[in-house]
Every structure is written in structure tokens, then in C-alpha cells.
Amino acid sequence: MRQFAKTLVFLLFFLPFCGIAQVAPNASKSTSSGSGEHHDIGIGFKAGLNFANVTHASDINASSHTGFNAGIFYSPGHAILGSYTELTFSRQGYDYSTSQTNNALMLDYVSLAQLMAINITKYVQIQFGFRTAYLLNAKTDSGGTKIPFIDSTGLGSQYSSLTSYMNRFDYGFTGGLEIHPVLGLIIGARYNLSLNGLYKDAFTSYTSGGSGSSGIKINPKNNVIQIYTGWRF
């Protein structure tokens, strides 16, 4: 099972590069045809909103948090099958509430995504692939260091900050749809599903039963919907 997972990750990360082989021949044919069509270089920028949450949201009383994303990408050519490489900054997290307070956990990531791009027409592109991310910073909007529903008394002595309590490395699947309505304008939507837990140590959620309380180990994962617009040169 572990070997299968490694193979799947390898294919998802490197398969999009195969699309480059499809791009070069088509690009050369278009140039030599003298059709007068505009040929872009495939580099662009994008920015938009994040609607972020986490899995196991009901167990930690979490709700959606609105953040933002901004980045650059490279997607050469307009062949049916191509590659799409993206580097972005993403602010996400989740809102939470207790009987005493309403607060938000905000997480800042830099993310690298490698996707396969399928051009249905010159106006519509489907994307799917694999992404990795590195956590730059973690904070609550109250400025506190307590982690919601995990540590009621503050961080343990082994953790120097809220960020140090988190897993710095994240990875998972990503996919979405882009529309290219006119010239270099792009409008898109993306769904990111993480496979790694947010915290270095899973915490216990307690549920009441007929004979007392039972504990369930939980480590929520990022779950983000992105909408964005941008320009491709």
C-alpha cells in the first residue's frame, strides 16, 4: 500500500511534464503556418479569494475562513494536453468559537503545484495534479498562542510558538477549471485537498456516551476552495 502511494505521488507530480512534448511541435506548426494568430509565452499572474476550512470541522466546531491567494504560473502553448506549474502565496485556516470567544486560526503558506492541463477549447481548460506547501506563519486574530480545542492552558514546553506546533510541510491534490474569455484574461476556480494533518500531534475529541466519555484522535487537514482572476502573457 505504501509503495502504491509513492507511485501515485510520483505520477501525479511528473506526468504533467509530459505535456511539454505535445506543446513544442504544435507551437512550431502554428508559427510556420503564418496564420497571424497571437501566440503567448505562457507566463502569467493570478490573485483571488480563499474559502478555507478543515476536515473534521464538526469535531472542533470550525467554520469557513475567508483568505486570499496570489501567485505566478507557467503554462506553455495551447495543445490539447499540456503542463501547468504554479507558485502561490495562500492565506487560509478556519474560524472557531467557544462559549467564551470567537476567533480565527490563520495560516500562511507558499505553495508549488504541478498540474496536467487539458484544453477543451481555446476558452476552457481543466486542471488537476499535485501540490506541496510550506507553512510560513501561523497565528490567531487575537494574537494568542493557545491552539483552539487542543490546548486550554497554552503551548507545551516543547513548543516555542504556535507555528512550531504545526506541521510545516503540507501536500495534497488540487484541481479546477479555468476560463479564457478574451486576450490574456483568465478566470478560474480551484479545489485543494490536503493529505497531511495540520498539527504535529493529533489531539483528542471527547464524545459522551451511555457509559461515559470516549476519546477520538483527530488531526484536521486543510480544505480550500479558491476563486481567482489573472492575466497570461
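This report describes the fold, the internal cavities, the aromatic contacts and a few individual residues of a predicted model.

## Overall architecture

The chain has 3 helices and 11 strands, and read along the sequence these elements follow the pattern α-α-β-β-β-β-β-β-α-β-β-β-β-β. Of its 233 residues, 41% count as buried. Among contacts between residues at least 6 apart in sequence, 66% join residues that are at least 24 apart, and several of the residues taken up further on give individual examples of contacts across the sequence.

## Cavities

Rolling a probe the size of a water molecule over the atoms shows where empty space is left. In this model the structure holds 2 cavities of 30 Å³ or more, and the table sets out their volumes and the classes of the residues that line them.

| Cavity | Volume | Nonpolar lining residues | Polar lining residues | Charged lining residues |
|---|---|---|---|---|
| Largest | about 140 Å³ | 3 | 11 | 4 |
| Second largest | about 30 Å³ | 3 | 6 | none |

The largest cavity has a volume of about 140 Å³. Of the 18 residues that line this cavity, Thr88, Ser111, Arg131, Asn192 and Gln226 are the closest to its centre. Strands β4 (81-97), β5 (102-119), β8 and β11 (222-232) each supply at least two residues of this lining.

The second largest cavity, of about 30 Å³, is lined by Ser75, Pro76, Gly77, Ala79, Gly82, Ser83, Ala117, Asn119 and Gln125. Strands β4 and β5 each contribute at least two residues to the lining of the second largest cavity, as each of them also does for the largest cavity. The lining of the second largest cavity includes no charged residues, whereas that of the largest cavity has 4.

## Aromatic contacts

A pair of aromatic rings is described by the distance of the centres and the angle of the planes. The count for this model comes to 7 aromatic pairs. One of them is formed by phenylalanine 73 and tyrosine 84, whose rings are stacked at 5.3 Å centre to centre with 10° between the planes. This pair links distant parts of the chain, with phenylalanine 73 in strand β3 (residues 65-74) and tyrosine 84 in strand β4, 11 residues apart. Both partners fall under the 20% limit for burial, since phenylalanine 73 has a relative accessibility of 4% and tyrosine 84 has a relative accessible area of 1%.

Elsewhere, Phe130, Phe169, Tyr171 and Phe173 form one aromatic cluster. An aromatic ring also lies beneath a charged side chain at lysine 46, which sits over the face of tyrosine 228 at 3.5 Å from the ring centre.

## Individual residues

Leucine 198 lies in the loop between β8 (185-194) and β9 (203-209). Despite this loop position, leucine 198 is buried, with a relative accessible area of 2%. Beyond its neighbours up to four places away in sequence, leucine 198 touches Val54, Tyr94, Leu107, Tyr109, Met166, Asn167, Asn219, Pro220 and Asn222. With one of these, asparagine 167, the C-alpha separation is 5.6 Å across 31 residues of the chain.

Leucine 183 is also found in a loop, the one between β7 and β8, but counts as exposed at 77% relative accessibility. Most residues other than glycine have a negative phi. Leucine 183 has a positive phi of about 50° although it is not a glycine.

Glycine 175 lies in strand β7 (residues 169-179). Its C-alpha atom is 7.8 Å from that of isoleucine 126, a residue 49 places away in sequence. Leaving out residues up to four places away, the contacts of glycine 175 are with Gln127, Phe128, Ala189, Arg190 and Tyr191.

Tyrosine 134 lies in strand β6 (residues 124-140) and is partly exposed, with a relative accessible area of 40%. The C-alpha atoms of tyrosine 134 and phenylalanine 169 are separated by 4.9 Å, although the two residues are 35 apart along the chain; phenylalanine 169 is itself a member of the aromatic cluster. Apart from neighbours within four places in sequence, tyrosine 134 is in contact with Asp108, Tyr109, Val110 and Arg168. Tyr109 also appears among the residues that leucine 198 touches.

How values were computed
Residues numbered from 1 in each chain as written. Predicted model: local features only at pLDDT ≥ 70, side-chain atom pairs only at ≥ 80, totals over all residues. Heavy atoms only, no water. Helix = DSSP H or I, 4+ residues; strand = E, 2+ residues; numbered from the N terminus. Buried < 20%, exposed > 50% of the residue type's maximum accessible area, 1.4 Å probe, protein only. Contact = heavy atoms within 4.5 Å. 1 Å grid on protein atoms, 1.4 Å probe; cavity = no way out; pocket = protein on both sides within 12 Å on 5 of 7 lines; lining within 4 Å. Points joined across faces, edges and corners; volume = space filled by probe spheres on them. Nonpolar A, V, L, I, M, F, W, Y, C, P; charged D, E, K, R; others polar. Phe/Tyr/Trp six-rings, centres within 6.5 Å; stacked < 30°, edge-to-face > 60°. Lys NZ or Arg CZ within 6 Å of the ring centre and 35° of its normal.
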